[in-house]
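Welcome to the tour. Keep your viewer open and follow along, one selection at a time.

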Amino acid sequence: MSEKNMETTTTTAAASAKGGAATAVVQGEILSEVRGRVGFITLNRPKALNALSLGMVRELMRVLLAWRQDSDVLAVAIRGSNKEGPFGAFCAGGDIRFLHQAGSQGHPQLEDFFTEEYALNHLIHHYGKPYIAFMDGIVMGGGMGISQGASLRIVTERTKMAMPETAIGLFPDVGGGYFLSRCPGQVGEWLALTGQTIGAEEAVAARLADGRLAAADQPAVWDALGSQPFADGAAVQQWVASKLIAENPGEISAGGKIDQYFSLPDVPAIVAALEAAAGDDDWCRTTAATLRQRSPLMLFVVLEQIRRARGMGLADDLRMERDMVRHCFYLRPGQSETLEGIRALAVDKDHAPRWNPARIEDVAPEQALAFFESPWPAHAHPLAALAD
């Protein structure tokens, strides 16, 4: 990836103004404007399914910090775009091609990306004003990081939600330990280990979304947000929430099986139990086969991550994940599961990752525990300033 592509090419086109007129417009991979009393953000990198670059992370942080201090902005709304226009895709995650190139070359922007992305995730969770995420289409990885901290998380019938990082030898970061561990039962372990994609109803049932809106109704709600006479931020959120489809939370399909198998003490026990039941159960057979395709080492790491995170606040979880991601690229020189996973999926596209160790049965528990040793003393941690 070129330096130009690493950084967002954005320009501010208008200065701040009072009242109902648009007050700021940013052209590039992040589009932002204020209409009425609401700040609007559109992720505008549709050819890459709005995958986050370092420049996008920085621009999002800049805009959100400015609006947090602006008393004229009562709330923020964020959406994605597709090749035909707004909505249709939210965000597919981080720019994994950049991660592969920077990780392979030891580029310092790799470190910057994760530190700044996790700081952005923390800001969104603690924003202090309503932050409303229109999670239409693909919402994965880094897209979850910029939406799970929202005060109102809206899904549609087109939503495809997942934390699929084990498929590329990574773990569900961007606060994934925090929000997945707070799903009901062992749903968090299931989503984290398998990378399973879920739709709107299951997202609500998993407590990863707050309500559903028909995809066709999004433009009208979005446009009307800029013209309503809102008294305060709470009124903005209440107005949007009133447009959601009234329905029961629903259930996770195979929820009982998820709890039965993913509550087992370790990865070998989970896989062995699934395979023992696979002869009579399609779900068990498919789930076991999926786990066999993932990085064996990272399955151990991820299970430990989710279970540790249940007892952590967000700031501590993000610091833990910052430690872990450093190890993903540098713990074993020349043997990064993450670089190998991205190579197989997105660079060479042979879909034949050479995991090391190659089998779940060959992973030693201490190999996974090494990912949780911080490379930094507490006072020098890159996310030391985060607090809950």
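A contact here means heavy atoms within 4.5 Å. Keep in mind, too, that you are looking at a predicted model.

**Stop 1: the tail of the chain**

Start by selecting Ala387, in the segment after α17 (365-369). Which residues is Ala387 in contact with, leaving aside its neighbours within four places in sequence? Show His122, His126 and Ala315, and you have them. Now add Gly195 and draw a distance: its C-alpha atom lies 29 Å from that of Ala387, with the two positions 192 residues apart along the chain.

**Stop 2: the annotated domain**

Next, colour residues 38-372. An unreviewed UniProt entry annotates this range as "domain: Enoyl-CoA hydratase/isomerase". Helix makes up 48% of the chain over residues 38-372 and strand 10%, while the C-alpha atoms at the two ends are 40 Å apart.

**Stop 3: the sheet and two helices on it**

Switch to cartoon view and pick out the strands β3-β4-β5-β8-β10-β12, which in that order form an open sheet of six with mixed pairing. Which strands stand at the edges? They are β3 (30-35) and β12 (211-212); each has a single partner strand, so one side of each is left without a neighbour in the sheet.

Zoom in on β12 and its partner β10 (residues 152-155), which run in the parallel sense and are joined over two bridges. To see one of the bridge pairs, select Ile154 together with Gly211 in β12.

Now bring in helix α2 (residues 54-68). α2 packs on the sheet and touches β3, β4 (38-43), β5 (75-79) and β8 (131-135). Its direction makes about 175 degrees with that of β4. Then add α10, another helix packed on the sheet, in touch with β4, β5, β8 and β10. Here the angle is about 25 degrees, taken between the directions of α10 and β10.

**Stop 4: a proline in a loop**

Follow α10 (233-241) onward into the loop that leads to α11 (255-262), and select Pro249 there. Is Pro249 buried or exposed? Its relative accessibility is 53%, so Pro249 counts as exposed. Residues up to four places away in sequence aside, Pro249 touches Glu201, Val204 and Ala205. For another distance, try Pro265: 16 residues from Pro249 in sequence, and 29 Å away C-alpha to C-alpha.

**Stop 5: the largest pocket**

Turn on a surface and look for the largest pocket, with about 830 Å³ of space. Select Ala92, Ile96, Pro164, Ile168 and Leu345 to find the residues nearest its centre, out of the 40 that line this pocket. Elements supplying at least two lining residues each are α3 (96-105), α4 (109-125), β9 (138-140), α13 (282-293) and α16 (337-347). Highlight α16 in particular, as the largest share of the lining, four residues, comes from this helix.

**Stop 6: a cavity and a buried arginine**

The structure also holds two cavities of 30 Å³ or more, and the largest has a volume of about 50 Å³. Its lining includes Met298, His327, Tyr330, Arg332, Glu337 and Phe371. α15 gives the most to this lining, with four residues.

Finish on Arg332, in the loop between α15 (314-330) and α16. Buried means under 20% relative accessible area; Arg332, at 18%, therefore counts as buried. Display Leu297, Glu337, Asn356, Pro357 and Gln367 to see what Arg332 touches, not counting residues up to four places away in sequence.

Technical notes. Residues numbered from 1 in each chain as written. Predicted model: local features only at pLDDT ≥ 70, side-chain atom pairs only at ≥ 80, totals over all residues. Heavy atoms only, no water. Buried < 20%, exposed > 50% of the residue type's maximum accessible area, 1.4 Å probe, protein only. Pairing = 2+ DSSP bridges. Axes fitted to C-alpha atoms, helices over the stretch in contact; angles between N-to-C directions. UniProt positions renumbered as here; feature names shortened; annotations may be inferred. 1 Å grid on protein atoms, 1.4 Å probe; cavity = no way out; pocket = protein on both sides within 12 Å on 5 of 7 lines; lining within 4 Å. Points joined across faces, edges and corners; volume = space filled by probe spheres on them.
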